[in-house]
Amino acid sequence: MLVEAKAHVNEMTSKIKATDPHSIELIERTIKETKTFLGSEATMHTWLHHYYQLSNRLAYLYILNEKMKIPTWLALVNFIDDDSHKPTPINQWMNHYQEVFEEMDINFNSSNLLNRLVTLFPKSLKGDNGGVE
């Protein structure tokens, strides 16, 4: 199980940070292969400079399941109304994911691999210690 957790939609925006040319080449090749496998015709720029973290997690999901044949799921955990930073209601999360998947040109009917992607929206709770439970 791979898990990626976010507390606000702005955390979804990310870009590749690698500087080593060999690393960049390997990352680009792997992301391109993943993107192609999922049938996405979005630009590599979108995958590498807008939503790199999600692209990276999808690449791991692809590699583990399709290349290594290790049954793996990816859980995207998105905390609702986390008031420790910027509370994000579920409708904002849902709209944002729709925009992200459209921009990345991810069609959930394009691959059975996407059946292994689970999106969760737990409600953030304040505990006695002031933290999220």
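This is a short tour of one cavity, one helix and one histidine in a predicted model.

**Stop 1: the cavity.** Start with the empty space inside the protein. Rolling a probe the size of a water molecule over the atoms shows where empty space is left. Here the count comes to one cavity of 30 Å³ or more, and the volume of the largest cavity is about 60 Å³. To see its walls, select Glu4, Lys6, Glu11, Met12, Gln53, Leu54, Arg57, Leu76 and Tyr97. Try colouring them by class: four are nonpolar, one is polar and four are charged.

Which elements each supply at least two residues of this lining? They are strand S1 (2-6) and helix H3 (52-67). The largest share, three residues, comes from H3, and that is where we go next.

**Stop 2: helix H3.** Select residues 52-67 to show H3. Now highlight its buried residues: Tyr52, Leu54, Ser55, Asn56, Leu58, Ala59, Leu61, Tyr62, Leu64 and Asn65. Leu54 belongs to this buried set and also lines the largest cavity.

What covers the buried residues of H3? Bring up strand S1, helix H1 (21-37), helix H2 (44-49), strand S2 (74-78) and helix H4 (90-103), which are included in the cover. Then move on to Lys69, which follows H3 and has a positive phi, near 60 degrees.

**Stop 3: His45.** Go back to helix H2 and pick out His45. Is His45 buried or partly exposed? His45 has a relative accessible area of 46%, so it counts as partly exposed. Finally, add Lys15: the two residues are 30 apart along the chain, while 9.1 Å separates their C-alpha atoms.

Notes:
Residues numbered from 1 in each chain as written. Predicted model: local features only at pLDDT ≥ 70, side-chain atom pairs only at ≥ 80, totals over all residues. Heavy atoms only, no water. 1 Å grid on protein atoms, 1.4 Å probe; cavity = no way out; pocket = protein on both sides within 12 Å on 5 of 7 lines; lining within 4 Å. Points joined across faces, edges and corners; volume = space filled by probe spheres on them. Helix = DSSP H or I, 4+ residues; strand = E, 2+ residues; numbered from the N terminus. Nonpolar A, V, L, I, M, F, W, Y, C, P; charged D, E, K, R; others polar. Buried < 20%, exposed > 50% of the residue type's maximum accessible area, 1.4 Å probe, protein only. Contact = heavy atoms within 4.5 Å.
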